[in-house]
Amino acid sequence: MSNCSRPLVTIVTASYNNINRIFNTIYSICMQDYPNIEFLLCDDASEEFNAEKIDSFICSNNNGCIVQYGIRHNETNLGTVKNLNIAYKEAKGTIIMPLSCGDCFIETDTVSKVVDRFLSTGCKVLATTMI
């Protein structure tokens with residue numbers, strides 16, 4: 001199945017003052033074998049946020065699975081719910097996966113497994129601890 005026929009998956013990561021932990025999270029996304037990922041990072045006014053460093057990290061580590069990404073840094077703290085809601089509204093994927101800052105996908109096929117489960121079951125919502 002080509003990238004165009006695979007649903008776009010949006011992975012949303014919210015961060016706040018734990019930006020040093022974001023790089024492991026991003027790396028685990030960059031190593032996914034699923035070929036059609038949108039990554040949205042929404043930072044809620046972290047003091048030491050460096051969008052250029054994050055952009056460079058994504059570009060240097062992306063294995064081709066991230067086809068588009070966005071990095072947003074709020075100037076004022078909105079709170080977790082508002083911060084995430086803005087990101088969810090920006091998401092273009094037909095499947096949205098939250099991944100908290102500091103969390104990582106352990107296996108490189110995690111996103112592929114989630115998509116396969118959505119496609120094989122026709123479910124609208126999937127909640128799991130491990131697939």
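## Accessibility classes and helix 3

A residue is called buried when its relative accessible area is under 20%, exposed when that area is over 50%, and partly exposed in between. The structure discussed here is a predicted model. N85 has a relative accessible area of 38% and is therefore partly exposed. N85 belongs to helix 3. Its C-alpha atom is separated by 15 Å from that of F39, and the two residues stand 46 positions apart along the chain.

## Salt bridges

The whole structure contains 4 salt bridges. One of them joins the side chains of R6 and D116, with an N to O distance of 3.5 Å. R6 sits in the segment before strand 1 and D116 in helix 4, so that distant parts of the chain, 110 residues apart, are linked. R6 is buried, at 14% relative accessibility, whereas D116, with a relative accessible area of 42%, is partly exposed.

A further salt bridge connects the side chains of E90 and R72, at 3.5 Å from N to O. Because E90 lies in helix 3 and R72 in strand 3 (residues 66-73), this pair ties together parts that are 18 residues apart in sequence. E90 is partly exposed at 34% relative accessibility, and R72 is buried at 16%.

The side chains of K113 and E107 also meet in a salt bridge, with an N to O distance of 3.0 Å. K113 counts as partly exposed at 26% relative accessibility, and E107 is likewise partly exposed, with a relative accessible area of 42%. Both residues take part in a network of salt bridges that links E107, D109 and K113.

## Aromatic pair

The count of aromatic pairs is 1. F23 and F57 form this pair in an edge-to-face arrangement, with 5.0 Å centre to centre and 70° between the planes. F23 is placed in helix 1 (residues 22-30) and F57 in helix 2 (residues 51-61); the pair thus links distant parts of the chain, 34 residues apart. F23 counts as buried, because its relative accessibility is 17%.

## Cysteines

A search of the whole structure yields 0 disulfides. C30 takes part in none, the nearest cysteine sulfur being that of C65, 6.0 Å away. A disulfide would require two cysteine sulfur atoms within 2.5 Å. C30 is buried, with a relative accessible area of 0%.

Why is C59 without a bond to the closest cysteine sulfur? The closest cysteine sulfur, in C30, is 9.1 Å from the sulfur of C59, which is too far for a bond. C59 counts as exposed, at 52% relative accessibility.

## Pockets

The largest pocket holds about 540 Å³ of space. Its lining comprises 21 residues, and those nearest its centre are F105, T110, V114, T128 and T129. Strand 4 (95-98) and helix 4 (110-121) each contribute at least two residues to this lining. Divided by class, the lining of the largest pocket has 14 nonpolar, 3 polar and 4 charged residues.

The second largest pocket has a volume of about 210 Å³. It is lined by 17 residues, of which A14, S15, T80, L84 and S100 are the closest to its centre. At least two lining residues come from each of strand 1 (9-15) and helix 3 (80-90). The lining of the second largest pocket consists of 8 nonpolar, 8 polar and 1 charged residues.

## Positive phi in loops

N17 is not a glycine, yet its phi is positive, at about 50°. This residue is located in the loop between strand 1 and helix 1. N17 is partly exposed, because its relative accessible area is 42%.

A45, also a residue other than glycine, has a positive phi near 70°. A45 occurs in the loop between strand 2 (37-43) and helix 2. Is A45 buried or exposed? With 17% relative accessibility, A45 counts as buried.

How values were computed:
Residues are numbered from 1 along each chain as its sequence is written. This is a predicted model: local features need pLDDT of at least 70, side-chain atom pairs count only at pLDDT 80 or more; totals for chains, interfaces and linings use all residues. Side-chain values use heavy atoms; hydrogens and water are left out. Buried means under 20% relative accessible area, exposed over 50%, partly exposed in between (1.4 Å probe, protein chains only). Rings of Phe, Tyr and Trp (its six-membered ring) pair if their centres lie within 6.5 Å; planes under 30 degrees apart count as stacked, over 60 as edge-to-face and the rest as tilted. Helices (H or I, at least four residues) and strands (E, at least two) are DSSP runs, numbered from the N terminus. On a 1 Å grid over the protein atoms alone, a cavity is a set of points where a 1.4 Å probe fits but cannot get out, and a pocket is an open set with protein on both sides within 12 Å along at least five of seven lines; lining residues have an atom within 4 Å of a point. Grid points are joined across faces, edges and corners, and a volume is the space filled by probe spheres set on the points. Ala, Val, Leu, Ile, Met, Phe, Trp, Tyr, Cys and Pro count as nonpolar, Asp, Glu, Lys and Arg as charged, and the others, Gly among them, as polar.
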